[in-house]
Amino acid sequence: MVVVTGDAPSSGNKTLKLWSERILVSLPERHPLAARAVIHWTDLRGETVLLSQHDPSRELEDLMISKLISSVDRPRVDLHDVSRSIIKSLISMELGISLVMESDTGASFAGLVYRELRDGTGSSRIDFSAHWRAANENPALDGFLELLSERYRSPTSPE
């Protein structure tokens, strides 16, 4: 079994939708965009977005590309081989902004604020789902799927 972002349809596999997280912009508290409650993708034009080379940065960068089709609308992306906490330090030093998932905001960080990132239809989100082979007969799988189904109740059941 694998838990991935988005839907990764594959013939012969089963899927269980799990959870969804909002995407937020992490920025220095003195940044001009910090005064806004909500930031739109197009507001990122001219910014430098700092991302870690580790998960989930690729998904966030792909989402940004899908939201800002024209390369002239996209901010500059700087990928760093560091942890997300180091990225937060760079942001607090006003070296750029970043895209984060809602779950990354649990610990407060001095000099940083988070703002919701939206497109024309509302909050930007990343979905997570579990995928496994239909032929998987491991007895532990059923118990694990039951646990996931209870924890992440969704309107759809395993396919």
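Among contacts between residues at least 6 apart in sequence, 81% join residues at least 24 apart. That figure, like everything else here, comes from a predicted model. The protein has three helices and nine strands, and along the sequence they run in the pattern β-β-β-β-α-β-α-β-β-β-β-α. Laid along the principal axes, the C-alpha atoms fill a box of roughly 55 × 35 × 30 Å. Of the 159 residues, 38% count as buried.

Now for the inside. In soluble globular proteins, nonpolar side chains tend to be buried together. Here the largest nonpolar core has 21 residues, and the members that touch the most others are Ile23, Val25, Leu27, Trp41, Leu44, Leu99 and Leu117. Two or more residues of this core come from each of β2, β4, α1, β6, β7 and β9 (125-133). Leu99 gives a good look at how these pieces meet: setting aside neighbours within four places in sequence, Leu99 is in contact with Ile23, Leu24, Val25, Trp41, Leu44, Val49, Leu51, Leu60, Met64 and Leu117. There is also a second, separate core of eight residues, with Leu50, Leu90, Ile91 and Tyr114 among them.

Two of those names, Leu90 and Ile91, bring α2 into the picture. In this helix, Ile87, Lys88, Leu90 and Ile91 are buried. Seen down the axis of α2, these buried residues fall within an arc of 160°, so they line one face of the helix. An α-helix has 3.6 residues a turn, so residues three or four places apart point the same way. The cover over the buried residues of α2 includes β2 (13-28), β4, β5 (76-80), β6 and β7 (112-119). Just after the helix, Glu94 takes a positive phi of about 65°.

The helix α2 turns up again around a hole in the protein. A search of the whole structure finds one cavity of 30 Å³ or more, and its volume is about 110 Å³. The lining is made of 14 residues, with Arg84, Ile87, Ser98, Leu99 and Val100 lying nearest the centre. At least two lining residues apiece come from β4 (48-52), α1 (57-67), α2 (84-92) and β6 (98-101). The largest share, four residues, belongs to α2. By class, the lining has eight nonpolar, three polar and three charged residues. Leu99 thus appears in two settings: Leu99 is one of the residues nearest the cavity centre, and Leu99 is also among the core members that touch the most others. Ile87, for its part, is buried in α2 and also lies among the residues nearest the centre of the cavity.

Conventions:
Residues are numbered from 1 along each chain as its sequence is written. This is a predicted model: local features need pLDDT of at least 70, side-chain atom pairs count only at pLDDT 80 or more; totals for chains, interfaces and linings use all residues. Side-chain values use heavy atoms; hydrogens and water are left out. On a 1 Å grid over the protein atoms alone, a cavity is a set of points where a 1.4 Å probe fits but cannot get out, and a pocket is an open set with protein on both sides within 12 Å along at least five of seven lines; lining residues have an atom within 4 Å of a point. Grid points are joined across faces, edges and corners, and a volume is the space filled by probe spheres set on the points. Ala, Val, Leu, Ile, Met, Phe, Trp, Tyr, Cys and Pro count as nonpolar, Asp, Glu, Lys and Arg as charged, and the others, Gly among them, as polar. Buried means under 20% relative accessible area, exposed over 50%, partly exposed in between (1.4 Å probe, protein chains only). The arc is that of the directions from the helix axis to the C-beta atoms. Contact means heavy atoms within 4.5 Å. A nonpolar core is a set of buried Ala, Val, Leu, Ile, Met, Phe, Trp, Tyr and Cys residues joined through side-chain atoms within 4.5 Å.
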